[in-house]
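Thank you all for making the time this morning. I would like to walk slowly through one model, so please have the sequence and the structure open while I talk.

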Amino acid sequence: MKAAVVGCGWLGERLAAYLVKQGLQVIATTTSPEKLKPISASGAEAHLLEFGKTTDFTFLNDCDAAIFSMPAAKDNWHAAFRQLDLNFPKTIFFSSSGIYPQTIGTFTEDNTDGLRADLALSEETVRVKFPQTNILRLAGLMGDERNLSNFFKNRAPSDPDKAVNHIHYEDIVHAVHLVLLSDVQAETFNIVAPKHPTIAQILNIPSGNTGKSARIISAEKFIQNFNYKFIHPNPQYFSR
């Protein structure tokens with residue numbers, strides 16, 4: 001399979017490297033010339049691509065799949081994306097679990113009320129262009145240097161009793177590979193670790209332990225559809 005990772009930021013670089021190791025032919029794009037060399041070092045074919053500026057997309061012509069890893073919360077790529085004259089049998093778009101309301105409750109893919117407008121528009125933009133797209137709503141990205149100990153290195157959390165919705169990048173790259181190898185199309189999946197400790201539990205700091213109900217994003221649909229067992233099910237142990 002020849003797959004394009006369109007947008008190699010922190011996650012995209014790790015995904016491209018993982019897919020190469022799984023035997024895929026990978027084309028990876030970036031908007032930063034300085035990233036071309038490290039992307040190529042992972043075994044991927046690296047190209048500069050910036051929607052609205054890039055005019056030659058022929059290097060993507062024969063791709064069997066495209067993973068769109070653009071910033072979902074921004075709309076500066078929408079107009080140019082709509083004009084793309086490309087065809088991919090399989091497509092995946094990285095959205096965010098932040099699309100769900102910031103209220104107490106458990107949210108699944110069936111929840112369609114009160115979705116965050118900018119993220120919903122990005123999802124719609126991709127689905128209109130490529131109706132077969134599987135949308136992965138990613139929770140807070142963690143792994144390697146991305147952890148709460150670093151985030152709160154010089155400040156205290158404002159709400160230590162808040163339950164987290166996090167995901168380790170190793171589970172994301174495995175999830176993407178599974179979706180690519182499947183026949184699933186036009187589905188939406190929450191990709192989030194199934195355990196939801198509080199910030200205080202992760203940081204091992206004192207907590208008021210208020211017992212407040214939490215905002216929980218459920219990954220049950222993905223677990224059931226792919227019989228998936230998370231590599232890192234509990235964010236409390238991500239950095240150990």
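**Two loops, a cavity and some rings**

Let me start with N204, which lies in the loop between α7 (199-203) and β11 (215-217); helices here are DSSP runs of H or I with at least four residues, strands are runs of E with at least two, and both are numbered from the N terminus. Before going further, I should say that this is a predicted model, in which local features need pLDDT of at least 70 and side-chain atom pairs count only at pLDDT 80 or more, whereas totals for chains, interfaces and linings use all residues. Residues are numbered from 1 along each chain as its sequence is written, and side-chain values use heavy atoms, with hydrogens and water left out.

Back to that loop: N204 has a phi near 55 degrees, a positive value in a residue other than glycine. As background, most residues other than glycine have a negative phi. N204 counts as exposed because its relative accessible area is 67%, where buried means under 20%, exposed means over 50% and partly exposed lies in between, using a 1.4 Å probe and protein chains only. D144 also has a positive phi, of about 55 degrees, although it is not a glycine. D144 sits in the loop between β8 (140-142) and α5 (148-151), and with a relative accessible area of 45% it is partly exposed.

Now to the interior. How many cavities of 30 Å³ or more does a search of the whole structure find? The search finds one, and its volume is about 60 Å³. A cavity here is a set of points on a 1 Å grid over the protein atoms alone where a 1.4 Å probe fits but cannot get out, and lining residues have an atom within 4 Å of a point; grid points are joined across faces, edges and corners, and the volume is the space filled by probe spheres set on the points. The elements that give two or more residues to the lining are β5 (90-96) and α6 (169-181), and the largest share, three residues, comes from β5. Among the lining residues are K90, T91 and I92, together with V179 and L180. By type, the lining divides into five nonpolar, four polar and one charged, where Ala, Val, Leu, Ile, Met, Phe, Trp, Tyr, Cys and Pro count as nonpolar, Asp, Glu, Lys and Arg as charged, and the others, Gly among them, as polar.

K90 and L180 come up again when we look at M1, which is found in the segment before β1. Leaving aside neighbours within four places in sequence, M1 is in contact with L24, Q25, D64, A65, K90 and L180, contact meaning heavy atoms within 4.5 Å. M1 is partly exposed, with a relative accessible area of 39%. A3, by comparison, is in strand β1 (residues 2-6) and is buried, at 0%. With the same neighbours in sequence left aside, the contacts of A3 include L24, Q25 and A65.

Another buried strand residue is I135, at 2% relative accessibility, in β7 (residues 134-138). Beyond its neighbours within four places in sequence, I135 is in contact with residues that include F93, E123, R127 and F189.

That brings me to the aromatic rings. The whole structure holds 15 aromatic pairs, a pair being rings of Phe, Tyr or Trp (its six-membered ring) with centres within 6.5 Å, where planes under 30 degrees apart count as stacked, over 60 as edge-to-face and the rest as tilted. F68 and F88 form an edge-to-face pair, 6.2 Å centre to centre with 70 degrees between the planes. F68 lies in strand β4 (residues 65-68) and F88 in the loop between α3 (78-82) and β5, so this pair ties together parts that are 20 residues apart in sequence. Both F68 and F88 are buried. The pair of Y100 and F107 is stacked, because the centres are 5.8 Å apart and the planes are at 25 degrees; both of these residues are buried as well. Ring pairs also link F51, F68, W77, F81, F88, F93 and F130 into a cluster.

Finally, two charges sit over rings, by which I mean that NZ of Lys or CZ of Arg is within 6 Å of the ring centre and within 35 degrees of the ring normal. The charged end of R14 sits over the ring of Y169, 5.3 Å from its centre, and that of K221 sits over the ring of F189, 5.0 Å from its centre.

Notes: 1 Å grid on protein atoms, 1.4 Å probe; cavity = no way out; pocket = protein on both sides within 12 Å on 5 of 7 lines; lining within 4 Å.
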